[in-house]
Amino acid sequence: MDLTLLYRGPLASCDYDCPYCPFAKRRDSREQLRTDRACLERFADWAEAQTTDRLSLLFTPWGEGLVRSWYRDTLTRLSHHPHIRRVAIQTNLSCRTDWLAGADLDTLALWCTYHPGQTPYDRFLAKCRELDRLGVRFSVGVVGLPDHLEAARRLRAELPEKVYLWVNAAEGHTYDDTEAGVWTALDPLFPYSRRPHASAGLPCRTGESVISVDGEGTVRRCHFVRAELGNLYDGSYREALRPRPCPLAACDCHIGYVHLETLPLYDVFAGGVLERIPAPAG
């Protein structure tokens, strides 16, 4: 079986204070952190044991995972298994980068977000350049707010051309054609993010070859549909895997709509769906 899993454990703490994020500067207690670590280790044990499947794993924590040693250790550990095609994580890149020396960089990848006002621009750019020097697969992006435009332009000018700079439409923000054109000049794929995608009744890979998993092992088709398909650890989810239409009116998050079969994004991002890296032109 080829299976993509989006894992989100109980971690909710973050070291940034972004005004557009409900988890900004959240703090987890020591007990909550211990629980998150145990949940992550259980998931990693399960993934290691699935040697008859081909797995692709994306970690999408509410908080920042890579400032926690157990996330760095888990990504490194999982990257060395031949049945795991990709292991990736969404990160603000506030962590150090030396841990990447122990990972298999043919398997590991990073989805990095720059948050202006949360970290000095030069520090973030230096870390991106270090990732490039190490040979890490990574994309970089920003939220498409007016205050972020100049920083995004600087990033596009100073990042290596091969590094994809993506722009996420800001939640609740409407873009007129002029404003959308400005962001599209930086990210040619911004039109996919500009507006929510009507999805009701449309075929989606989630629930068939893509699933969402929480810290307890509860399996859902995606992060945005609450109906449960079973549990990862007792195997009950497997009999529920099948093609099914989307039950929601619209999908407005990249980690959701990228899997819609009515969009061409599996071709656009061929080989880099989880880390949001487009296939080379041509």
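This briefing walks through a helix pair, a pocket and a handful of individual residues. The model is a predicted one, so keep that in mind throughout. Helices α1 and α2 run roughly parallel to each other, and α2 is largely enclosed by the rest of the structure. The second largest pocket holds about 370 Å³ of space, and two residues other than glycine, leucine 93 and arginine 276, turn up with positive phi.

**The α1/α2 pair**

- Two packed helices are described by the angle between their axes and the distance between the axes.
- For α1 (residues 30-49) and α2 (residues 69-78), the axes come within 10 Å and cross at roughly 5°.
- Angles under 35 degrees count as roughly parallel, and therefore α1 and α2 get that label.
- On the α1 side, the contact is made by Leu33, Asp36, Arg37, Leu40, Glu41, Ala44, Asp45, Ala47 and Glu48.
- On the α2 side, the residues making the contact are Ser69, Trp70, Tyr71, Thr74, Arg77 and Leu78.
- Sorted by class, this contact has 7 nonpolar, 2 polar and 6 charged residues.

**How α2 sits in the fold**

- Of the 10 residues in α2, 7 are buried, so the helix is largely enclosed by the rest of the structure.
- The buried ones are Trp70, Tyr71, Arg72, Thr74, Leu75, Thr76 and Leu78.
- What do the buried residues of α2 pack against? Their partners are α1, β2, β3 and β4.
- Threonine 74 is a handy example from α2: its relative accessibility is 3%, and because buried means under 20%, threonine 74 counts as buried.
- Neighbours within four places in sequence aside, threonine 74 is in contact with Leu40, Ala44 and Phe59.

**The second largest pocket**

- Its lining is made up of 17 residues, and those nearest the pocket centre are Thr4, Ser56, Arg85, Val273 and Leu274.
- Elements giving two or more residues to this lining are β1 (2-8), β2 (54-59) and β3.
- Which element gives the largest share of the lining of the second largest pocket? That is β1, with 3 residues.
- The lining is a mix by class, with 6 nonpolar, 6 polar and 5 charged residues.
- Threonine 4, one of the residues nearest the pocket centre, belongs to strand β1.
- Threonine 4 has a relative accessible area of 14% and is buried.
- Beyond its neighbours within four places in sequence, threonine 4 is in contact with Ser56, Ser209, Val210, Ile211 and Leu274.
- Among those partners of threonine 4 are Ser56 and Leu274, which also appear in the group nearest the pocket centre.

**Positive phi outside glycine**

- Most residues other than glycine have a negative phi, and most peptide bonds are trans.
- Leucine 93 has a phi near 65° and sits in the loop between β3 (84-91) and β4 (108-113).
- Although it is in a loop, leucine 93 is buried, at 3% relative accessible area.
- Arginine 276 has a phi near 60° and lies in the segment after α8 (265-268).
- Is arginine 276 buried or exposed? Arginine 276 counts as buried, with 3% relative accessibility.

**Glycine 144**

- Glycine 144 is part of strand β5 (residues 137-144) and is buried, with a relative accessible area of 0%.
- Tyrosine 175 is 31 residues from glycine 144 in sequence, and their C-alpha atoms are 9.5 Å apart.
- Setting aside neighbours within four places in sequence, glycine 144 is in contact with Val167, Asn168, Ala170, Tyr175 and Trp183.

**Residues with some exposure**

- Leucine 202 lies in the loop between β7 (197-198) and β8 (203-204) and counts as partly exposed, at 27% relative accessibility.
- Leaving out neighbours within four places in sequence, leucine 202 is in contact with Arg244, Pro245, Cys246 and Thr262.
- From leucine 202 to cysteine 18, the C-alpha separation is 34 Å, with their positions 184 residues apart along the chain.
- Aspartate 122 is in helix α3 (residues 121-134) and counts as exposed, at 55% relative accessibility.
- The C-alpha atoms of aspartate 122 and glutamine 50 are separated by 41 Å, and these residues are 72 residues apart along the chain.

Definitions and conventions: Residues are numbered from 1 along each chain as its sequence is written. This is a predicted model: local features need pLDDT of at least 70, side-chain atom pairs count only at pLDDT 80 or more; totals for chains, interfaces and linings use all residues. Side-chain values use heavy atoms; hydrogens and water are left out. Helices (H or I, at least four residues) and strands (E, at least two) are DSSP runs, numbered from the N terminus. Buried means under 20% relative accessible area, exposed over 50%, partly exposed in between (1.4 Å probe, protein chains only). On a 1 Å grid over the protein atoms alone, a cavity is a set of points where a 1.4 Å probe fits but cannot get out, and a pocket is an open set with protein on both sides within 12 Å along at least five of seven lines; lining residues have an atom within 4 Å of a point. Grid points are joined across faces, edges and corners, and a volume is the space filled by probe spheres set on the points. Ala, Val, Leu, Ile, Met, Phe, Trp, Tyr, Cys and Pro count as nonpolar, Asp, Glu, Lys and Arg as charged, and the others, Gly among them, as polar. Contact means heavy atoms within 4.5 Å. Axes are lines fitted to C-alpha atoms, for helices over the stretch in contact, and angles run from 0 to 180 degrees between N-to-C directions. Angles under 35 degrees count as roughly parallel, over 145 as roughly antiparallel, 65 to 115 as roughly perpendicular and the rest as oblique.
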